[in-house]
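Student: Hi! I've got a structure open and I'd like some help reading how its helices pack and whether there's any empty space inside. Can we go through it together?

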Amino acid sequence: MSGKQVLVLGSGMVARPCVEYLIRDPKNEVTVACRTLSAAQALVSGLTRTRAISLDVSSSKDLEQVAAYDLVISLVPYTYHAAVIKSAINGKTNVVTTSYVSPAMRELDDAVKEAGIVVLNEVGLDPGIDHLYAIKTIDEIHAKGGMVKQFYSYCGGLPAPECAGNPLGFKFSWSPRGALLAQRNSASYLFEGKQVDISAQDLMSASKPYFVNDRYSFVAYPNRNSVPFREFYNIPEAETVVRGSLRYEGNPEFVQALVDLGWLDSEEKDWLKAGLTWAQIQQKAIGAEDSTAGTLISRIKEICRFSSEAECDRIVSGLQWMGLLSSEQATVRGGNLLDTLCGQLEKLLNYQPGERDLVMLQHKFVVEWKDGKTDTLTSTLELLGDPKGYSAMAFSVGITCGIASQLLLDGCSALNTPGILAPYRKEMCDPIREIVEREGIKLVENVL
């Protein structure tokens, strides 16, 4: 094999822009691997210096193939990354992922260093582009003698406003499961010097209106654990550090209702069998006396804590729109309520031809300068998808991953230190960010 050999694991939405970026360099030959060969073949269709293979990432035998490549880009679910890294250690193959560094990945740091390989993570959108610009602005503030007293970062992958007219105010460009479960995580952040912990049950009720500009009505809620980012971003002076997600107004309340009514339960139910109607499933899930619409709605009002009569009407109408109270026979998936709901949402809430998505990312820095003056700085990315091309999400994640991968292939000194890495330092972020900007992805910086 001549040139640089790159293996891309996974054939999801973000893989194609990543592969297209890599084959701009005539030295690169890219192999796309997926468990289903036809999916990998479809992804590389029409692209030069690419080939498709079948590979099952849950098979350690299949993963032995990683050793034959200079670089492996793992775009499969994060739970498989540790197994991929172990195979890469054996083959002394560098690794790139767009995922957060998990504890299972962190445990491999010593073995990775011993093998002399680089495992570069968090080079997508969020995490990824968010780091590149947070580090840039923080470094500039510190260089001028300022202190970052408060740091907020919110990101949302949403339908463009004209495509968001449904009860969830949301659409799914791939499986809804991950997106819905992300709204069921617990969260921790720093507020005025104290750690605030929010349980998974309370996450949606923690959402608050968040202003970016007049064109959007957003709400924001904290995402995962923001606390370590005071250290990661080198802002020990910060009293408030919050990283979170953006949704359109009304979404968290609807998701909370789905939680309260049992629809996000992933445990198998003995009673959940083919042949039931949606209304019968809802009756069983909430313990209603029968499956008539009136009885179900009365029971829903008992279970859900609606803030007003109008809110109750909105959510009940939304449940009816989704068919969850109907006498139509349900398609049961996975023997559980979550997967059964996801099957329904995939039909109702996928992007139609001509529709586009929106990526909105905003950092907000409250800065105290040496003279005691305080400023609020923002950097904002507003990126709309191309209905005839890539979604904003696929483009922003895929192109960033491709750029970081190419820098690694080119031997970029800032990315060449063996170990489990994430771009939290200026010298790592700058080279990636400069090329990301040339691709048309640039945050607009303002002083409020």
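Tutor: Sure, let's talk about some helix pairs and then about a cavity. Keep in mind that this is a predicted model.

Student: Okay. How do people describe two packed helices?

Tutor: They give the angle between the two axes and the distance between those axes.

Student: So what are the angle and the distance for H7 and H16?

Tutor: Helix H7 covers residues 129–143 and helix H16 covers residues 426–438; they pack at an angle of about 120°, and their axes are 9 Å apart. The two helices are therefore oblique to each other.

Student: And is that crossing left-handed or right-handed?

Tutor: H7 and H16 cross in a left-handed way.

Student: Which residues meet there?

Tutor: From H7 you have His131, Leu132, Tyr133, Ile135, Lys136 and Asp139, and they meet Lys426, Cys429, Ile432, Arg433, Val436 and Glu437 of H16. Sorted by class, this contact of H7 with H16 has 6 nonpolar, 1 polar and 5 charged residues.

Student: Cool. What about H1 and H2, at what angle do they cross?

Tutor: H1 (residues 15–22) and H2 (residues 37–44) cross at roughly 50°, and their axes come within 10 Å. That makes H1 oblique to H2. The crossing here is right-handed.

Student: Who touches whom in that pair?

Tutor: Ala15, Arg16 and Val19 from H1 meet Ala42, Leu43 and Val44 from H2. By class, the contact of H1 with H2 has 5 nonpolar, no polar and 1 charged residues.

Student: One more pair: how do H11 and H12 cross?

Tutor: Helix H11 (residues 278–286) and helix H12 (residues 293–303) cross at roughly 35°, with axes that come within 11 Å. Their crossing is left-handed. On the H11 side, Ala279, Gln282, Gln283 and Ile286 make the contact, and on the H12 side Leu296, Arg299, Ile300 and Ile303 do. That contact has 5 nonpolar, 2 polar and 1 charged residues.

Student: Switching topic: how many cavities of 30 Å³ or more are there?

Tutor: The count comes to 1 cavity of 30 Å³ or more. The largest cavity has a volume of about 50 Å³.

Student: What lines the largest cavity?

Tutor: Its lining is made of Tyr100, Asp126, Asp130, Ser153, Cys155, Asn223, Arg243, Gly244 and Leu361. These residues divide into 3 nonpolar, 3 polar and 3 charged.

Student: Which strands supply at least two residues of that lining?

Tutor: Strand S7 (147–159) and strand S12 (240–248) each supply at least two residues of the lining of the largest cavity.

Notes: Residues are numbered from 1 along each chain as its sequence is written. This is a predicted model: local features need pLDDT of at least 70, side-chain atom pairs count only at pLDDT 80 or more; totals for chains, interfaces and linings use all residues. Side-chain values use heavy atoms; hydrogens and water are left out. Axes are lines fitted to C-alpha atoms, for helices over the stretch in contact, and angles run from 0 to 180 degrees between N-to-C directions. Helices (H or I, at least four residues) and strands (E, at least two) are DSSP runs, numbered from the N terminus. Angles under 35 degrees count as roughly parallel, over 145 as roughly antiparallel, 65 to 115 as roughly perpendicular and the rest as oblique. A crossing is left-handed if the near helix is turned anticlockwise from the far one by less than a right angle, and right-handed if clockwise. Contact means heavy atoms within 4.5 Å. Ala, Val, Leu, Ile, Met, Phe, Trp, Tyr, Cys and Pro count as nonpolar, Asp, Glu, Lys and Arg as charged, and the others, Gly among them, as polar. On a 1 Å grid over the protein atoms alone, a cavity is a set of points where a 1.4 Å probe fits but cannot get out, and a pocket is an open set with protein on both sides within 12 Å along at least five of seven lines; lining residues have an atom within 4 Å of a point. Grid points are joined across faces, edges and corners, and a volume is the space filled by probe spheres set on the points.
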